[in-house]
Amino acid sequence: MIQELRHPVSPLHDLHGRHLEYLRLSLTDVCNFRCSYCLPDGYRKPKHAPAPLSLEEICRLVRGFATVGLWKIRLTGGEPTLRAGFEDIAATIAAVPGISRVAMTTNGYRLSERAGAYRAAGITAINVSIDSLIPDRFSAITGHDRLSEVLAGLDAARAAGFDCIKVNTVLMRDVNDDELDAIVDFVAGKDISLRFIEVMRTNDNPDFFTRHHLPGASVASRLERCGWSRIAHQAGAGPAIEYVHPDATGRIGIIAPYSRDFCASCNRVRVSASGRLHLCLFGDGSVDLRPLLRSDDQHDELVNRILCLTYGKPSAHRLHSGNSGTTPHLASIGG
Ligand code: SAM
Ligand code: SF4
C-alpha cells in the first residue's frame with residue numbers, strides 16, 4: 001500500500017533523496033495494437049472502467065504537479081493518440097506555467113499524418129516504439145502490418161522539427177535479438193536516439209517474460225565492441241544507461257530495470273488515465289487523485305496530497321524476488 005508521509009520541503013523529492021521532476025500521464029488505457037509483451041489479445045475494456053480524466057481535470061492535475069516543481073510531462077497510454085482531443089490536451093498542458101517539456105510515447109499510429117499537429121500543440125519530444133525493422137516480424141509482434149507507416153511517421157516527426165526523437169525497442173530473446181545491430185545502424189545516421197528496453201515482467205506476461213527476457217548487459221557489451229562508450233550518469237537524466245559514438249549524433253540508452261541501482265535514479269511518478277497516482281511501475285497500490293480535481297478551489301489540498309504521497313515513494317521495485325506488483329500490463333498505467 002502507498003504510505004502517506006509528511007513532506008518537509010519542496011521542490012519535490014522523496015524520502016530517499018530522489019528529486020522527482022517528471023510525470024508520465026496516461027491519457028487512455030485503450031490501444032489499437034496487440035504487442036505480444038503488453039496486450040497480446042488486444043485491449044479489452046475492464047468491467048466498471050472509470051472514464052478518463054476530462055481536460056479540466058487534467059489541467060488541474062498538471063497545475064498541481066507543476067506547483068511542486070515538476071517540469072516535464074510525458075503523454076502515454078495505452079495509445080495516447082487515440083484519446084479524443086489529444087492535441088488540445090497537449091496544448092493545454094504545454095501552457096501550464098512551470099511545464100517546460102511535453103513529450104509523448106506512441107506506437108506511431110497515424111504519426112505520418114499528424115506529426116506536424118503534435119509539434120504545433122507544443123510537444124517537443126517524441127518516442128516511437130519500433131521492435132523490428134522486418135515487416136513480417138513487426139506484424140507478428142504488434143498484430144499490425146504497419147511498419148512502413150510507422151517509419152514514414154518517424155520521417156514526418158523529423159520534418160516537423162521535434163528536438164528529441166527516440167525509437168523505443170523492447171529487447172526479446174529469440175524474437176528480435178538478431179536485429180540489434182540493424183536497429184543501431186538504422187538510427188545511427190539519423191539524429192535519432194534509441195532506447196533498448198528490457199522486457200519487464202507484469203502480472204499478465206510471466207510466461208512470455210521467462211521465454212524472452214534478455215538482460216540489457218548483453219547489448220551493452222555488443223555496443224562497447226562496436227565503439228560506443230558509456231557516459232557518466234547525468235543529474236536528472238533518469239534510469240537509462242547511456243552510450244555515445246563519435247560518428248553518431250543520437251545516443252543509445254538501455255533501460256535495464258533488473259540491473260543493480262536502477263531505482264536509485266528514478267525521477268518519475270505516473271498517473272493513470274482515470275487519475276490514480278502510481279509511485280512505482282511495479283508497486284502494489286495507487287491513490288485516486290480524482291476527488292481532488294473537481295474544482296480549482298481544491299488546488300492547495302491537491303498540492304499537499306501530492307507532496308505527502310510522493311515523499312513516500314518506495315525505494316525500489318521487487319522484481320528480483322519475482323514480485324511485479326499489481327500492474328497487469330504497462331498499458332494499464334502508462335509505461
Ligand atoms: N502505446 C504506446 C507505445 O507503445 O509506444 C505508449 C504506451 S507503451 C505501454 C510505452 C512503452 O512501454 C512502449 O515503448 C512499449 O514497447 C513499452 N512496453 C510495454 N510493455 C512492456 C513490457 N512488458 N516490458 C518492457 N517494455 C514494455
Ligand atoms: Fe499498445 Fe503500446 Fe502496449 Fe503495444 S506497447 S500494446 S502499442 S500500449
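This report describes the surroundings of two ligands and one helix in a predicted model.

Ligand 1 is surrounded by 19 residues, and the closest of them are Y37, G78, S129, N168 and M200. Sorted by class, this shell holds seven nonpolar, 10 polar and two charged residues. Three of the contacts between ligand 1 and the protein pair polar atoms, as the table sets out.

| Residue | Atom of the residue | Atom of ligand 1 | Distance |
|---|---|---|---|
| Y37 | polar side-chain atom | oxygen | 3.0 Å |
| E79 | N or O atom in the side chain | nitrogen | 3.2 Å |
| M200 | polar backbone atom | nitrogen | 2.8 Å |

Of the 540 Å² of accessible area that ligand 1 has on its own, the protein covers 95%. The elements that contribute two or more residues each to the shell around ligand 1 are the strands β2 (72-77), β3 (101-106), β5 (164-171) and β6 (193-198).

Around ligand 2 stand C31, F33, C35, C38, L39, G78, N107 and A331, a shell that by class comprises six nonpolar residues, two polar residues and no charged ones. G78 thus belongs to the surroundings of ligand 2 and is also listed among the closest residues to ligand 1.

Helix α9 runs over residues 299-311, and because each residue should add 1.5 Å, its 13 residues are expected to span 18 Å, which agrees with the 18 Å that separates its end C-alpha atoms. Within α9, the residues L302, V303, I306, L307, C308, L309, T310 and Y311 are buried, and the buried residues of this helix pack against α1 (55-67) as well as against the strands β10 (268-271), β11 (276-278) and β12 (287-288).

How values were computed
Residues are numbered from 1 along each chain as its sequence is written. Chains are lettered from A and ligands numbered from 1 in the order in which they are written. This is a predicted model: local features need pLDDT of at least 70, side-chain atom pairs count only at pLDDT 80 or more; totals for chains, interfaces and linings use all residues. Side-chain values use heavy atoms; hydrogens and water are left out. A residue is near a molecule or strand if one of its heavy atoms lies within 4 Å of it. Ala, Val, Leu, Ile, Met, Phe, Trp, Tyr, Cys and Pro count as nonpolar, Asp, Glu, Lys and Arg as charged, and the others, Gly among them, as polar. Helices (H or I, at least four residues) and strands (E, at least two) are DSSP runs, numbered from the N terminus. The expected span of a helix is 1.5 Å times one less than its number of residues. Buried means under 20% relative accessible area, exposed over 50%, partly exposed in between (1.4 Å probe, protein chains only). Contact means heavy atoms within 4.5 Å. A polar contact is a pair of N or O atoms within 3.5 Å; within protein, one must be able to donate a hydrogen and the other to accept it, and residues adjacent in sequence count only if both atoms are side-chain atoms. Accessible areas come from the Shrake-Rupley method with a 1.4 Å probe; for residues, only the protein chains shown count as cover.
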